[in-house]
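Here are some notes for a colleague who is opening this structure for the first time. They are set out as numbered points, each of which can be followed in the viewer.

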Amino acid sequence: MTNYAFKTAAVIVAAGRGTRAGAGLPKQWRPLAGKRVADHTIAAFQTHPRIDHVLAVVHPDDAGHSASLNVPTVHGGDTRDASVQAGLEALDGHGFTHILIHDVARAGIDAATIDAVLDALHSGAPGAAPALPVTDALWRGQDGLVTGTQNRDGLFRAQTPQGFAFDAILAAHRAHPGNAADDVEVARTAGLDVTIVAGNERNLKITTPDDFARLEQHLQNHQRGPMDIRLGNGYDVHAFEDGDHVILCGVKIPHSKALKGHSDADVGMHAVTDAIYGALAEGDIGRHFPPSEAEWKDMDSAVFLKHAVDMAATRGFTISNVDCTLICERPKVGPHAAAMMARMGEIMGLASDRVSIKATTSEKLGFTGREEGIAAIATATLVKP
């Protein structure tokens with residue numbers, strides 16, 4: 001417990017039958033991302049450092065499922081509010097100052113949402129609950145037809161956990177006639193103010209069969225952590241020498257000169273290769289294929305590019321796209337760009353629409369303007385899910 005003045009319990013309401021979720025076990029006992037729905041939900045509260053105790057309210061017929069929850073359980077009632085009151089009564093007299101009441105079907109609950117509710121309570125709010133503003137247009141309808149619209153200003157989609165001062169919400173439940181939509185309704189009937197805190201789209205409630213797939217995707221993304229996106233850039237220059245062709249991005253192009261280099265001097269492919277190495281923080285081609293070593297003399301630059309691509313794959317990265325700009329007065333790149341994109345895509349295992357090859361001049365300025373050589377710049381995007 002982080003503050004001696006507060007002692008907080010969580011009641012997980014898991015006594016429902018969930019008939020809208022389709023045939024089979026009640027939804028809280030069905031598999032979801034490698035565990036049961038209830039296991040995900042309870043773990044979120046058990047592992048939260050500001051929660052002192054977790055209690056599950058279960059259906060009497062579910063003893064075989066609930067026995068493995070590793071938290072105390074009590075039997076629920078015929079309605080949701082009756083089940084919540086059963087949980088509150090079981091905790092009465094144990095010194096809890098605050099309570100969080102959470103639907104077991106919201107297995108995507110995150111620590112930040114729990115903290116937001118607790119922060120509001122610890123700031124003195126008698127009640128607090130997460131919600132999301134309604135952003136879609138709202139209609140009224142009857143017999144399959146739209147009969148009117150509803151202003152969405154000030155409307156929110158309610159979520160749980162809904163938190164309260166313990167004694168106040170227990171008294172409110174004892175006084176309520178029953179059949180409340182949620183605990184916020186119970187609290188407001190008793191005159192308690194409830195503060196709205198920010199909800200989370202991942203904190204969705206499993207209601208229909210499709211919701212399992214939606215929530216499983218959310219959980220898998222969360223377990224994987226944030227996507228790792230890397231950007232790298234490369235720059236290369238090669239001077240002209242006597243010859244009758246140049247090789248640019250893997251394509252042989254007739255020209256009055258050749259490019260000078262230890263390998264085949266493919267300036268475009270070198271820039272892309274260095275961009276991939278850069279995204280991996282692996283230096284440049286010279287680190288991996290030193291020009292001082294004779295074995296790389298006149299080497300096809302596809303060898304270098306394939307090495308960089310394989311290194312990225314070994315580290316779990318996918319190359320999303322590359323963009324290369326060749327800077328020269330001549331030869332003209334445009335007529336060969338499609339072939340270059342196809343060849344680069346072939347080496348990298350990318351569709352040609354993920355490989356951009358383009359050219360520009362330097363308006364006759366500098367060494368490229370004087371046609372002393374060709375420069376290339378490139379950017380590569382690497383993604384690890």
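1. A good place to begin is a pair of helices: α3 (residues 80-91) and α5 (residues 166-175) pack at an angle of about 135 degrees, and their axes are 10 Å apart. The two helices, α3 and α5, are therefore oblique to each other, and the crossing that α3 makes as it passes α5 is left-handed. Please keep in mind, here and below, that this is a predicted model.

2. Which residues bring α3 and α5 together? On the side of α3 they are D81, V84, Q85, L88, E89 and L91, and these meet F166, I169, L170, H173 and R174 of α5. By character, the residues of this contact between α3 and α5 divide into six nonpolar, two polar and three charged.

3. Helix α1 (residues 37-46) deserves a separate look, because seven of its 10 residues are buried, so that this helix is largely enclosed by the rest of the structure. The buried residues of α1 are V37, A38, H40, T41, I42, A44 and F45.

4. Two of the residues just named return in the surroundings of I109, a residue of the loop between β6 (98-103) and α4 (111-122). Is I109 buried or exposed? With a relative accessible area of 5%, I109 is buried, since the limit for that class is under 20%. If neighbours within four places in sequence are left aside, I109 is in contact with A44, F45, H102, I114, T160, P161, R202 and N203. In addition, the C-alpha atoms of I109 and Q159 lie 9.6 Å apart in space, although 50 residues separate I109 from Q159 in sequence.

5. The backbone should be checked at two prolines. Most peptide bonds are trans, but the bond from T160 to P161 is cis, with omega near 15 degrees, and P161 has its place in the loop between β10 (156-158) and β11 (162-165). A cis peptide bond also joins R330 and P331, where omega is about 0 degrees; P331 is found in the loop between β17 and α11 (337-348).

6. Most residues other than glycine have a negative phi, which makes the following residues worth a look. D143, which is not a glycine, has a positive phi of about 55 degrees and lies in the loop between β8 (138-142) and β9 (145-150). K364, in the loop between β18 and α12 (366-369), likewise has a positive phi, near 65 degrees. D143 counts as exposed at 73% relative accessibility, and K364 counts as exposed at 60%.

7. Finally, consider the open sheet that five strands form in the order β16-β13-β19-β17-β18, with mixed pairing. The strands at its edges are β16 (257-259) and β18 (355-360), and each of them has a single partner strand, so one side of each is left without a neighbour in the sheet. Neighbouring strands of this sheet are turned by 20 degrees against each other on average, direction ignored.

8. Within that sheet, β13 (residues 228-242) and β19 (residues 373-384) run antiparallel and are joined by 12 bridges; one of the residue pairs to inspect is G234 with its bridge partner A378 in β19. Helix α8 (residues 267-279) packs on the sheet, where it touches β13, β16, β17 (318-327) and β19, and the direction of α8 makes about 150 degrees with that of β13.

Terms used
Residues numbered from 1 in each chain as written. Predicted model: local features only at pLDDT ≥ 70, side-chain atom pairs only at ≥ 80, totals over all residues. Heavy atoms only, no water. Pairing = 2+ DSSP bridges. Helix = DSSP H or I, 4+ residues; strand = E, 2+ residues; numbered from the N terminus. Axes fitted to C-alpha atoms, helices over the stretch in contact; angles between N-to-C directions. Contact = heavy atoms within 4.5 Å. Buried < 20%, exposed > 50% of the residue type's maximum accessible area, 1.4 Å probe, protein only. Parallel < 35°, antiparallel > 145°, perpendicular 65-115°, else oblique. Left-handed = near helix turned anticlockwise from the far one by under 90°. Nonpolar A, V, L, I, M, F, W, Y, C, P; charged D, E, K, R; others polar.
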